[in-house]
Each structure stands twice: as C-alpha cells, then as structure tokens.
Amino acid sequence: MFWKTYILNHISKKGYHSYTGTEFSYWVKKAGKGNKEDRRLRTLMPKRRSRVFQAERIDETLEWCLDSGKYTEKRMLLVRDPFQTAPLTAVLLFVTEVPCSVKVTLDSGEVFQEETEITKRHRVAIYGLHPAQQNEVHVELRQGDAVIYKKDILVQTGELPKELCDSVIVKKQSETQSPLTLVFGGDTKYAYAFDSEGEVRYYLKQRTRSYGLYPLSQGHFLFLSKKVLAPSYGNPHSILAAEMDFLGRVYREYIVPEGIHHDGCEMTPGGNLLTVSSSMNMYVEDAVIEIDRETGKVVKKLCLFDVLSDHPYLDYFDWAHINTVSYQAEEHSILISARNLHSVLKIDWKTNELLWIFCDTEFWKGTKYENKVLSPKGDTPFCYQSHAAYFLDGYHSGDVKRLIIYDNHWQKRRPVASFDKDKKSYVRIYEIDEKKKTVEHLKSYGTEKSTIRSNGVVVGNSVFSMSGALRKTVENCGGKITEFDSMTGREKNVYLTKTTFYRGYSFFADFHALCEPMEKRDEGLLGVKPEALYCPEETLKKVKWKPCCCERFFPIQDEKRRELARIHMDLYENTLLVNGKDHQVQKIFFRGKKHIYEKDYSETFQRLPHLFGEFCYSLAVSTDNLKKDAYWIYIQCGNQIYRTTNRIRVVE
C-alpha cells in the first residue's frame, strides 16, 4: 500500500525517521485499518469511535511497522506522542539480528534511564522529554555488560500549553526520592509531572475531571470523563471512566450509571474496581460500588447510611462526603474517609459490619456507635475534615497497622465543639491496634492550611505533603508540595504550584508495560448503559410537541431560547450524548413513526446552583435497545418538550 511504501522509503540519513502522532495517525487512517463501523444507525449527527478502538488501531499499526522488519538499528522509526494524548512521550521501533536489550537514557538519567528485556524485536517507550526543544536520547544495544551498538537520536517536542507554563516554583531543593512528581485535578487543567527543577516533563492533553485520576497496577490509571456526567443534588458525577496508561493508550472504557467521584482503586492487581459513588436517595457522595473489571457491571453497592443508620448527622444531602476508599484483600474489608463526619471507618465488605471508627472521641459520644471509636493512647491529635486515609504498605504486624492521613484540620462543613482551631494542616501517621481498639500518634508533618483535597505519600525515607488547596495563596500559588525527611521531619524539597490541585503522587509509569503491545479485545463500552425506555403513545397524547429549538429555524429573542439553541448532540459509539447546562434537560425522547422511547433525568434537582448550576456536560443515552424505525430526537426543558433537528434511523 502507498502509505506503507511512503514510511519505509523516507528514512533519514541520520539512521532514524521521526513522525508525530498526528502524522502517524493520518497514515493509519489511510491504511483503512479497523474502519468497520456499526451500520445499524444512520444519522447526520457527528459520530465518534471509542478511545479503545482508536488506541488499538494505532497500536496495531505500530506492531505492523515492527513486524515489517524494515526498521533496524541502522534505521529506526521514532513516533512522537503516538496516541496523541501525551506530547512528551515517544516510541522507538526496530529489530536486530541477534537478541539484545536496549538501554535508553535521557540527559544524565535522573528522570529517565531504562533498559528493555532481551529480544530481537524492540519497542521502546520514552517519557520525561523536555518541552519545546530537541531532546538527545542515548540508545545502547547491550548483551550483558557489553555495549554492541550506540546511537543518539534527537526528539523534537512542542511548546507547553499556556496553562502549564511557569506552573511550578522551586522554593527549596535537595536530593529527592521522587524524580518526577505528578499532580492533577482541582483547578489544574491538565495532569502534569515536574522534575526537581520545577520543569514540566510530562502532561496529558485531555482535561481531567476535578477529581483527576486514580492509580492502578502496571502503571495504569482510571481517568474520569470531564464531559459525560450524570446530574445529582450537587456536583455532577462522571459516568464514563477510561483505564489508561502514560502513553495515552485506553484499554477499557466503563459506563457507570451510578456515577464515580473522588476515589477509586483495584481490589487486587488486575481485579475488580472499587470506587466512590452516591446513594442518590436524596443524598450524594455516601456510597461505595464494586465494578466488575471485565464487564463493567456494578456487582455491589454499599450505602453508608445502611451501616450508620441511627445517628444525628444525617442532616444534610452531603452528610458523609466520602473522599477515599481502599481495600484490604486479606480481610475483605474497606477503609473509607468520610470528610463531613471527621471520621475514618473500617467496614467488612462481605457483611457490611462497621469494625471501627477513628475520630475525635467526642464526636460519636452518646450515639450507638460510641463503642466503635478507637481509644487514643497518650497525646493523640485528632483529624478534622481529612482527606486521603490509607494503610501504609509494609507496616502491618498482625493486628497492628499504620495509617497515613492528610488532616486538613478544618471544620467549615460540620463544626464541632472540641475543634482546637490549629492554624496548620498536617500529614499524620498513626499506629492502630485493631485487637485492643487503640490508636497512637506517631508522626505529624505540618504545612500551610489546605482546606480541601490534598493527600500524603510515603516514598522511601521521605513523606510528601501534597497540599492541593491552600487557604491563603503563597506567592500567588494555590498549591504546595513539601518533601520531608520521614525521621527528622526536616523539609528537603518545597514546590509551589500555580493552580490548586486534587492530589499528587510520585510518577508511577511502568516502563516495561509501556513497551508491550496492547491486547486487542474488540470490546465496546463496558457496563450497563443508560437506555431509553419504551413509552406507549397513549401516555404522551396530551403532550404538546413544540418545533425545534435550533437557532437556524427562528430568531433567538430571549435568553431561554438562546440557551436551548446551545444544546448539541453527537454519538459516541452507539451512545447519544446530549450536551447542555446542569439540569437543563429533564428528559430525552426518541419519537419514531411506530415507537417512542424516553430517558428520564428528572429525578434529581440542584441544591447548590451557585456552585454547579452553570456546569455544562453531556447526558448519555444508549440507543442499543431502539427498534427499527426513524426517530426524531426531542428534549424536555422545564415543562415544555421541544423537537430538535437531529434524527436517527435504526435499521436491521
């Protein structure tokens, strides 16, 4: 094929040829790989294939280039940002006649120095490139300790987005346990990682939800959609989540009608997912769900009010505000942090039994859960409206465990009489004896007050305070990251971030996993899709179906109609996305000649319109169950139903 001949014949004299992901994708499309589309739906609306489909198609073409045998150590193929998601990454492809490993080094190797497995077929992932310059990458072919071939290649990168320029200020610098630090969420538009000099060395072009992303095994992470959400009584929740890696490859996409917010994790490496969700029984952010990793279906949902059914704190629609969840496989238990209860709770995941609570002992006094509260040993400071409570790996000894918490030490949402008005926030480490039901304070690492978000991380002999939302800005910066010596509490490194963020981690890319090809699954969107329900014509006879609300059909005279005109639709695989303002669209109708279907989103209302009333996002409706017919799409806004200009024809 012409495109293949083009690539093979345009190898530079330097011994490698470089493509950008955009250029490479053009030739992928020209090749026609994977162009099979679902012909069941006919429409003039924009149609997009899933990100899994796109990633698999590009990855398959990379494999073909490698299998062609035309790229050797004498002439390599370099593809920059192959998946058009991570601009400061690249993939190097070539084969050798003899098995060897490939060692690649950027600069002097502080941020990126890796070595592949021994093979004849070399697919090398590169990350941590400097932006807006030519990066010199040193490539060595090795057999044991012997270097059998060397080559330097230049990788040109583009400018950073303006939002990431000068995004980090270095206030204190010394040796660090985290060569790259990843921050995301909050007001940070793009997830990014910076080095010890404060230079951005990695970022994702796709914008994250305010909760960012959740680490999984093998360098994967769960990435929540910023645009496909479900309305709630407060902050709308993401219902579309992608499992990704740091090259930007998407392995699975899940539709979760219950919605996901704040946190998620694997129950076991490669196993089912646990995420925070909402009961939606007039309450939000008070549930935990288990998602089957292979099917995307929710196999269990635990609402916190079923565990804490009798207490005086069920007084607000966001009464609990769960912000972290983790799973202890050996005990089949979960650990959650409930910000608006000032509590960390351990719950048996099989029986839903409450095992213990860590909280100010005064908070639960007089309730039926008073005997579940851990007893403090010695002078133990309590946490208030805390975030990110997890057990520390490697510190378990029988019934004794260590707990790390980011103590925001704040009480705006639920004031308590025993609050000590401390003006700092802390990363705190506690030791819990589960048999004796006691808690003992071990260490605290204090920093400026961070009122929400934030987390603490232990890396080697360092403790990182990821203070994501400073109450008072420092040098016009909204976030602060401090690396402490875990033993002495001495500050080793201090960075300020221009914008607030949700959480931070030591960069956790898995080099060897990034060098492996994707396993092709031929799966669409996983999970239970939000389908429109069949609606008999008789029930809608009294409905007045108004003409279309599109601006091109009549002049826009008032703000209400201007807002209606801004509603737009497209298809993501077979799922209709209807984009508008929060709670603007209550119902979506498919009205055909023989059949009518309805999707109802009117069961909630916005309690905090000053915060979330202007959010714009897409409601999702699956078209998989629509019978053969030609459908006009209608929407209900307020008490009126309007016909849009969009049509779908479903054929056999």
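This report walks through a five-stranded sheet, a buried serine and the nonpolar cores of a predicted model.

## The five-stranded sheet

Let's start with the strands. Five of them line up as β26-β30-β29-β28-β27 in an open sheet, and the pairing is mixed. The edges belong to β26 (375-377) and β27 (387-391); each has a single partner strand, so one side of each goes without a neighbour in the sheet. Going from one strand to the next, the twist averages 30°.

Inside that order, β29 (residues 425-433) and β30 (residues 438-447) run antiparallel to each other and are paired over nine bridges. If you want a spot to look at, find Val427, which sits opposite Tyr445 in β30.

## Ser232, tucked into a loop

Ser232 belongs to the loop between β16 (229-230) and β17 (237-244). Is this serine buried or exposed? Its relative accessibility is just 1%, under the 20% cut-off, so Ser232 counts as buried.

What does the Ser232 side chain have for polar company? One of its polar atoms lies 2.9 Å from the backbone oxygen of Asn235. Setting aside neighbours within four places in sequence, Ser232 also touches His237, Met280, Val284, His583, Thr604, Phe605 and Gln606.

## The nonpolar cores

The largest nonpolar core has 103 residues, and the members touching the most others are Leu92, Val137, Val139 and Phe507. Strand β5 (residues 89-106) supplies the largest share of this core, with ten residues.

Take Phe507: beyond its neighbours within four places in sequence, its contacts include Tyr127, Leu180, Leu182, Tyr202 and Phe246. There's also a second, separate core of 50 residues, with Trp319, Ile357, Tyr384 and Phe391 among them.

Methods
Residues are numbered from 1 along each chain as its sequence is written. This is a predicted model: local features need pLDDT of at least 70, side-chain atom pairs count only at pLDDT 80 or more; totals for chains, interfaces and linings use all residues. Side-chain values use heavy atoms; hydrogens and water are left out. Two strands pair if DSSP finds at least two bridges between them. Helices (H or I, at least four residues) and strands (E, at least two) are DSSP runs, numbered from the N terminus. Axes are lines fitted to C-alpha atoms, for helices over the stretch in contact, and angles run from 0 to 180 degrees between N-to-C directions. Buried means under 20% relative accessible area, exposed over 50%, partly exposed in between (1.4 Å probe, protein chains only). A polar contact is a pair of N or O atoms within 3.5 Å; within protein, one must be able to donate a hydrogen and the other to accept it, and residues adjacent in sequence count only if both atoms are side-chain atoms. Contact means heavy atoms within 4.5 Å. A nonpolar core is a set of buried Ala, Val, Leu, Ile, Met, Phe, Trp, Tyr and Cys residues joined through side-chain atoms within 4.5 Å.
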